[in-house]
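Trainee: I have a chain in front of me and would like to learn how to read it. Where do we begin?

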Amino acid sequence: MPSSSSVEISEPPAPASGEPGRKGRLLIVDDEDGPRQSLRVIFKDDYEILMAADGPSAIELVQNNQIDVALVDIRMAGMSGIEVLERLKYVEPSMEVIMMTAFETTDTIRQALRLRACDYINKPFDISTMRAAVANAMQRHTLEGEIHTNAEKLQGLLSELQDQKIEEQMAHTRGEIYASIIHDINGPLTVISGFVQLLNQRIGDSTRLEVEDLEFIKDRLRTITRQVTNCIEISRRYLGFLRRQSDDIPRVGINQLLTDLTHLIRVHPSRLNHQFTIQPLPEDIAVRMNGTDVVQVLLNLVVNAFQCSPHSHAVAIECRVLPQPLDLAGFKDGPEARLLNVENFQNNPPLLMVSVRDTGPGIPPEILPKIFQPYFSTKGPRLGTGLGLNIVQRLVKEAKGALHVHTQPGHGTTFTMYLTAVSLPTPS
Ligand SMILES: Nc1ncnc2c1ncn2[C@@H]1O[C@H](COP(=O)(O)OP(=O)(O)O)[C@@H](O)[C@H]1O
Ligand SMILES: [Mg+2]
């Protein structure tokens, strides 16, 4: 039984869930027993009825039962009908409330409508008007529920689609990296093939080799061996990239990755005549991030830096190893700066800091909060997908790194990634 003695329930309450096909649930709130009972008689065959004789009991019922529509007397002793309406809407905003009015001023009625009462009915009421008002409110509540459910479903579908698009985009960039592997291996293979042909020509059909032939062969074989080793190195490195187990992150030095990046950038169409420099580390070090991901992050940042203006400007990559944890309190988000992934950041030194700096136009303060959103782009549809920075942010987050952006409109922008660094295994 409910704790309050002023609560009367004509039937045991049904489970508080919006199960389809259940009867609508109507709450009658009136401090006079007569009207309460007559309303119950009118509606008892159509709806499940709950009744309350005052505001606090009504609020308790709404908290514990899923009620579709409430009929509230505007004039009650104790908590006024207007106050009850306000609180009911606070507890259950989707519930429809019909006010029963007597001789209220239009001001009071206006106030009720402002508080999102859906209707009002003058007392004494005629039964058909009352029935129509409640039926309307029930229908409206069902419709709004359906709209809400559909909107949620749509939102779910949209985010699924977005995830898929991002996966596609990542696969696309990975494809660009594969293309560069083939390109890298193609170079040595061409050299090898040319040298093998030369050897074949030199040896021809001869059955005896002169001393100078032997010298020639030895020299060419040395070159071939070097190129074969080169091929094996390239494939080993990229095969390492492709393994994605987090406990077995391949240890590829950042300087090595920067060399790979240079190859990709050299042929990139957005390079134009921008100045591009890379300052590697004096001593190579590895990071706790998959090698392909490092290349992918830097490629996105560098391409953005190239594309931020068609006028020739400078783009530079700089690396530094920090022996201390980052002083996170020293970073302040504002119109010119943002720090991402503070929550998951593994701030354990040594940290590798890699920054991509450009002397382009910078990012206006109204744009800065949006740049990491998927599909946000200020470029035309042919240049921008708006996914680049979203991918960058995801990859940095996956590696438990942090990402900082600092921009000065008119002067340029710097994106900085901080990652846990690990020393490279000594070559055996
Ligand atoms: N270095 C930069 N300088 C100025 N604006 C930038 C820079 N990098 C990113 N932006 C802004 O962030 C937006 C989103 O970047 P991104 O997610 O890579 O998508 P896209 O490059 O496809 O537009 C860009 O359209 C641009 O407005
Ligand atoms: Mg981009």
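Mentor: Begin with burial. Buried means under 20% relative accessible area, exposed means over 50%, and partly exposed covers what lies in between. Take Asn122: its relative accessible area is 43%, so Asn122 is partly exposed. Keep in mind that this is a predicted model.

Trainee: Then how confident is the prediction; what is the mean pLDDT of the protein chain?

Mentor: The mean is 86, and 90% of the residues reach 70 or more. Residues 1–18 are another matter: their pLDDT is below 50. That stretch still has 37 contacts in the model beyond near neighbours in sequence.

Trainee: Back to Asn122. Where does Asn122 lie, and which residues does Asn122 touch?

Mentor: Asn122 lies in strand E6, residues 119–122. Leaving out residues up to four places away in sequence, Asn122 touches Thr101 and Ala102. With Thr101 there is also a side-chain to side-chain polar contact of 2.8 Å. Check the backbone too: the C-alpha atoms of Asn122 and Met100 are 5.9 Å apart, though 22 residues separate them along the chain.

Trainee: Next, peptide bonds and phi angles. What is the general rule?

Mentor: Most residues other than glycine have a negative phi, and most peptide bonds are trans. Now look for the exceptions. The bond from Lys123 to Pro124 is cis, with omega near -10 degrees. Pro124 sits in the loop between E6 and helix H5 (127–203). A cis bond also runs from Pro349 to Pro350, with omega near 0 degrees. Pro350 belongs to the loop between strand E10 (337–340) and E11.

Trainee: Which residues have a positive phi without being glycine?

Mentor: Arg116 is one, at about 70 degrees. Arg116 is in the loop between helix H4 (106–114) and E6. Its relative accessible area is 45%, so Arg116 is partly exposed. Asn341 is another, with phi near 70 degrees. Asn341 lies in the loop between E10 and E11. At 9% relative accessibility, Asn341 is buried. Lys400 follows H9 and has a positive phi near 60 degrees.

Trainee: Now rings. How do I classify a pair of aromatic side chains?

Mentor: Use the angle between the planes: over 60 degrees counts as edge-to-face. The structure holds four aromatic pairs. In one of them, Phe276 and Phe306 have ring centres 5.7 Å apart and planes at 70 degrees, so the pair is edge-to-face. This pair links distant parts of the chain: Phe276 is in strand E7 (residues 275–279) and Phe306 in helix H8 (residues 291–307), 30 residues apart.

Trainee: Are those two rings' residues buried or exposed?

Mentor: Phe276 has a relative accessible area of 15%, so it is buried. Phe306 is buried as well, at 1%. A further pair is Phe372 with Phe415: the centres are 6.5 Å apart and the planes at 75 degrees, so this pair is also edge-to-face. Phe372 lies in the loop between strand E11 (351–358) and helix H9 (388–398), and Phe415 in strand E13 (residues 412–422), 43 residues apart. Both Phe372 and Phe415 are buried.

Trainee: What lies over the face of Phe216?

Mentor: Arg202 does, at 4.5 Å from the ring centre.

Trainee: How should I read a helix?

Mentor: An α-helix has 3.6 residues a turn, so residues three or four places apart point the same way. Compare length with expectation, then check cover. H8 has 17 residues and reaches 24 Å from first C-alpha to last, close to the 24 Å expected. It is mostly covered, with 15 of its 17 residues buried. In H9, the buried residues include Leu389, Val392 and Val396.

Trainee: Last, a buried acid. What does the side chain of Asp68 join in a polar contact?

Mentor: Arg22, side chain to side chain, at 3.1 Å. Asp68 is in the loop between helix H2 (55–64) and strand E4 (69–73). Its relative accessibility is 7%, so Asp68 counts as buried. Beyond four places in sequence, Asp68 has contacts that include Lys23, Met95, Glu96 and His141.

Trainee: And Thr414, buried or exposed?

Mentor: Buried, at 15% relative accessible area. Thr414 lies in strand E13. Among the residues Thr414 touches, beyond four places in sequence, are Val356, Arg357 and Val405.

Note on methods. Residues are numbered from 1 along each chain as its sequence is written. Chains are lettered from A and ligands numbered from 1 in the order in which they are written. This is a predicted model: local features need pLDDT of at least 70, side-chain atom pairs count only at pLDDT 80 or more; totals for chains, interfaces and linings use all residues. Side-chain values use heavy atoms; hydrogens and water are left out. pLDDT is the predictor's confidence in each residue, from 0 to 100. Contact means heavy atoms within 4.5 Å. Rings of Phe, Tyr and Trp (its six-membered ring) pair if their centres lie within 6.5 Å; planes under 30 degrees apart count as stacked, over 60 as edge-to-face and the rest as tilted. Helices (H or I, at least four residues) and strands (E, at least two) are DSSP runs, numbered from the N terminus. Buried means under 20% relative accessible area, exposed over 50%, partly exposed in between (1.4 Å probe, protein chains only). A charge sits over a ring if NZ of Lys or CZ of Arg is within 6 Å of the ring centre and within 35 degrees of the ring normal. The expected span of a helix is 1.5 Å times one less than its number of residues. A polar contact is a pair of N or O atoms within 3.5 Å; within protein, one must be able to donate a hydrogen and the other to accept it, and residues adjacent in sequence count only if both atoms are side-chain atoms.
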